[in-house]
Amino acid sequence: MTAALHPTEPQADPRTEIDRLRERMRRMEDGLARPELDALPGLSQVIRLRVGGSYQVDSASLALALMAGPSRGGAWCAAVGLSDFGAEAAAELGVVLERTILVPEPGEAWLEATAALVDVASLVLVRPPARVPEAVAAKLSARLRKRSAVLVSIGPWPRAEASVSLAEPRWTGAGRGEGHLRSRRVVLEVRRGSAPPRRTALWFPEPDGSLAPASSRWSEGEAVPSRWSSRERVETREVG
């Protein structure tokens, strides 16, 4: 009598093995996913900043809104090349000025200042004085990944992870000219590579100064919050 040399167990279904491998790859990718910085409630469902990434925006107000989330969450932030940095506006959005480093006029040393601040700040906001060469952006990207920081550029930035812009602004609260501008409805547009842009309507700001989806309260024609006195309430309509 000789023992059988061939296994008697049924072979595994190839489809099951493929599914198992796919699940392992998914878990590995999740483990390698870069963490994200905190974001303001009004922005968290639209744009999240992943550490190691660079982003370009088209306005200082949008840049401050992106800075406010990490700052409120306890992170140190920095701004380079913003001689007109609006401290009061930044604080209203939630930027903690005590944890904000300002280099308003770095001159020709803007790149050195930016690179140095990447080492100590979670988010660095920069307004480049001129076009940024691809090689410079690549070196800073490597530094961002190493330090787990984020760069936000007011203006074009080579190979940015996303481009964020504001469009179609409409203010409310002017009435027939006797009122005051209360809130602004905008369309936030996020572009990533060649993919179609993602567009989301926001109140930026709402009457209380915060950000919120345009589907929230205080839509066109509604009264402003009760904390405003009746004397201050005016007819609300959109203006360009």
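**Exercise 1. Place S183 in the fold: which strand holds S183, and is S183 buried or exposed?**

Solution.
- Step 1. S183 lies in strand β7. Helices (H or I, at least four residues) and strands (E, at least two) are DSSP runs, numbered from the N terminus.
- Step 2. The relative accessible area of S183 is 2%. Buried means under 20%, exposed over 50%, and partly exposed in between, with a 1.4 Å probe and protein chains only. So S183 is buried.
- Step 3. S183 and L211 are 28 residues apart in sequence, and 9.8 Å apart in space, C-alpha to C-alpha.

The model is predicted: local features need pLDDT of at least 70, side-chain atom pairs count only at pLDDT 80 or more, and totals for chains, interfaces and linings use all residues. Residues are numbered from 1 along each chain as its sequence is written, and side-chain values use heavy atoms, with hydrogens and water left out.

**Exercise 2. Describe the surroundings of S54: which residues does S54 touch?**

Solution.
- Step 1. Find S54 in strand β1.
- Step 2. S54 is buried, at a relative accessible area of 6%.
- Step 3. Leave out residues up to four places away in sequence; S54 then touches S141, L144, L151, W157, R159, A160, E161 and A162. Contact means heavy atoms within 4.5 Å.

**Exercise 3. Map the largest nonpolar core: how many residues has this core?**

Solution.
- Step 1. A nonpolar core is a set of buried Ala, Val, Leu, Ile, Met, Phe, Trp, Tyr and Cys residues joined through side-chain atoms within 4.5 Å.
- Step 2. The largest one has 36 residues. I47, L123, L125 and V152 have the most contacts inside it.
- Step 3. Elements that each supply at least two residues include β1 (54-57), α2 (60-72) and β7 (183-191). The largest share, 7 residues, comes from α2.
- Step 4. Take I47 as a sample. Beyond four places in sequence, I47 touches A39, Y55, L66, A162, V164, L188, V190 and R192.
- Step 5. Another core, of 18 residues, lies apart from the largest; A78, A115, V124 and V126 are among them.

**Exercise 4. Analyse the helix pair α4 and α5: at roughly what angle do their axes cross?**

Solution.
- Step 1. The axes of α4 (residues 110-118) and α5 (residues 134-147) come within 9 Å and cross at roughly 15°. Axes are lines fitted to C-alpha atoms, for helices over the stretch in contact; angles run from 0 to 180 degrees between N-to-C directions.
- Step 2. Therefore α4 is roughly parallel to α5, a term for angles under 35 degrees.
- Step 3. L111, T114, A115 and V118 of α4 meet V136, L140, R143, L144 and R147 of α5.

Definitions and conventions:
Angles under 35 degrees count as roughly parallel, over 145 as roughly antiparallel, 65 to 115 as roughly perpendicular and the rest as oblique.
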